[in-house]
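Let's take a walk through this model together, one region at a time. Keep the structure open beside the text so that you can follow along.

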Amino acid sequence: MTLPTDPAANLAALIRCASVTPAEGGALGALETMLKPLGFLVDRPVFSEDGTPDIENLYARRSGNGPHLMFAGHTDVVPVGDEAAWTHPPFAAEIANGEMYGRGAVDMKGGIACFVAAIARHVDKHGGPKGSVSLLITGDEEGPAINGTVKLLEWAASRGEKWDASVVGEPTNPDALGDMIKIGRRGSLSASVTVNGRQGHAAYPQLADNPVRGLISLVDALLHPVFDKGTKDFQPTNLEVTSIDVGNPATNVIPAKATATFNIRFNDTWTAETIQAEIHNRLDQAAKRKKYRPGKKTPVDYDLVWRDRPSHVFLTRDDKLVDTLAGSIKATVGKGPTLSTSGGTSDARFIKDYCPVVEFGLVGKTMHMVDERVALADLETLTRIYQRFIEDWFGQG
Ligand SMILES: [Zn+2]
């Protein structure tokens, strides 16, 4: 039996499955076909929740005596956008000038294709790792992410699965393969603050209470002073006001309500709880200020509503995991990676509750774009990095 040692062949098989969230599109089936000859036991749990589409997921484990390494990722992809704008069709895996085109080429079917090829080469060379390897692959990363990684982790853990380390194969490199490992992420919180005023005539402000004046006070307090200057591992905490809504079409009417929405990306100076307390404190102080509301006797009347669940900040301090991966990159491309905590959230924020986790995959330049594509040379390099990492992490180098 031929083993799936060629990352380009693996990727072509995955790209040809049109797995735009929430469709499985055959992608998990194609992955299962690759993993079975390598000795993996494959499960395909489907998760449901009212108001969201059912989602197929995959958990595959190759058991051995020793530590347990988990590779995590997703086979779902974002929509293709304007299909006519693609130089090569988005689900054809055509190759031109040494690059394979297709939706998911870098985000992140390519990462999965390389990891499978790396394991296949390892099995070919060593007969298998000295321990267990699993793949935790969701079909719901680019969508609502409700029936995906969170439930898949709970499902696997409830069956007794325990992991010692995890690598997420998302595209982490800004320019060239080997640039960057992500070893943590900032936390994220969103909220809306609504000021309740009193409607009135713009010529008689003393008879009204303009909520826009109050909101300016509150927003000012959210933006100043800065929350911190950043830490050894993280950028400074940042708050962005993402919307200000009054919805008042009249120029001579003082409106009754004004709302601002904001998002905070916070570093390890804070927890979700302490940054929320800081926001409450700033707003309460600002509500009493008279600067924009001369003559008003009562503080600004406002409601603060936190949106969604917070993403918690995390930093992975597992030396074996980080050093082994960084060493594999240096040995393969000749240059060590930057260890970064920049960028948005990913499914690593859920995995970190189960085991140390880092992220390393392809170059992200074309992700989510028309003409998403990957250099065949990058597929080979990433496969070699993963293969070297598997050897060294299991001590089989
Ligand atoms: Zn992704």
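The paragraphs below visit a helix, a strand and a single charged residue. Please bear in mind throughout that this is a predicted model.

Let's begin close to the N terminus, with helix 1, which covers residues 7–15. Of its 9 residues, 7 are buried, so the helix is largely enclosed by the rest of the structure. The buried ones are Pro7, Ala8, Asn10, Leu11, Ala12, Leu14 and Ile15. What covers them? The cover includes helix 2 (27–35), helix 3 (109–126) and helix 9 (376–393), together with two strands, strand 7 (99–101) and strand 21 (373–375). Have a look, too, at how the helix starts. Asp6 caps the N-terminal end of helix 1, placing a side-chain oxygen 3.0 Å from the backbone nitrogen of Ala8.

Next, move along to residues 183–289, where UniProt, in an unreviewed entry, places the feature "domain: Peptidase M20 dimerisation". This span is 27% helix and 32% strand, and the C-alpha atoms at its two ends lie 42 Å apart.

Now turn to strand 12, residues 187–196. Are its residues buried or exposed? The strand is mostly covered, with 10 of its 10 residues buried. In a regular strand, side chains alternate between the two faces of the sheet. Here, Gly187, Leu189, Ala191, Val193 and Val195 point one way, while Ser188, Ser190, Ser192, Thr194 and Asn196 point the other way. Residues pointing either way from strand 12 are buried.

Which strands pair with strand 12? One is strand 16 (residues 257–266), which runs antiparallel to strand 12 and is joined to it by 10 bridges. To find this pairing on screen, look for Asn196, whose bridge partner in strand 16 is Lys257. Another is strand 17 (residues 302–311), also antiparallel to strand 12, with 7 bridges joining the two. There, Ser192 has Val305 as its bridge partner.

Our last stop is Asp347, in the loop between strand 19 (338–340) and helix 8 (348–351). Asp347 is buried yet has no salt bridge. Why not? The nearest side chain of opposite charge, Arg349, is 4.7 Å away, and a salt bridge needs a side-chain nitrogen of Lys or Arg within 4 Å of a carboxyl oxygen, so this pair does not count. Asp347 does have a polar partner, though: a contact of 2.6 Å joins its side chain to that of Thr149. Leaving aside residues up to four places away in sequence, Asp347 touches Thr138, Glu141 and Thr149.

Technical notes: Residues are numbered from 1 along each chain as its sequence is written. This is a predicted model: local features need pLDDT of at least 70, side-chain atom pairs count only at pLDDT 80 or more; totals for chains, interfaces and linings use all residues. Side-chain values use heavy atoms; hydrogens and water are left out. Buried means under 20% relative accessible area, exposed over 50%, partly exposed in between (1.4 Å probe, protein chains only). Helices (H or I, at least four residues) and strands (E, at least two) are DSSP runs, numbered from the N terminus. Two strands pair if DSSP finds at least two bridges between them. Lys and Arg count as positive and Asp and Glu as negative; His and the chain ends are not counted. A polar contact is a pair of N or O atoms within 3.5 Å; within protein, one must be able to donate a hydrogen and the other to accept it, and residues adjacent in sequence count only if both atoms are side-chain atoms. Contact means heavy atoms within 4.5 Å. UniProt positions are given in the numbering used here, feature names are shortened, and annotations may be inferred rather than shown by experiment.
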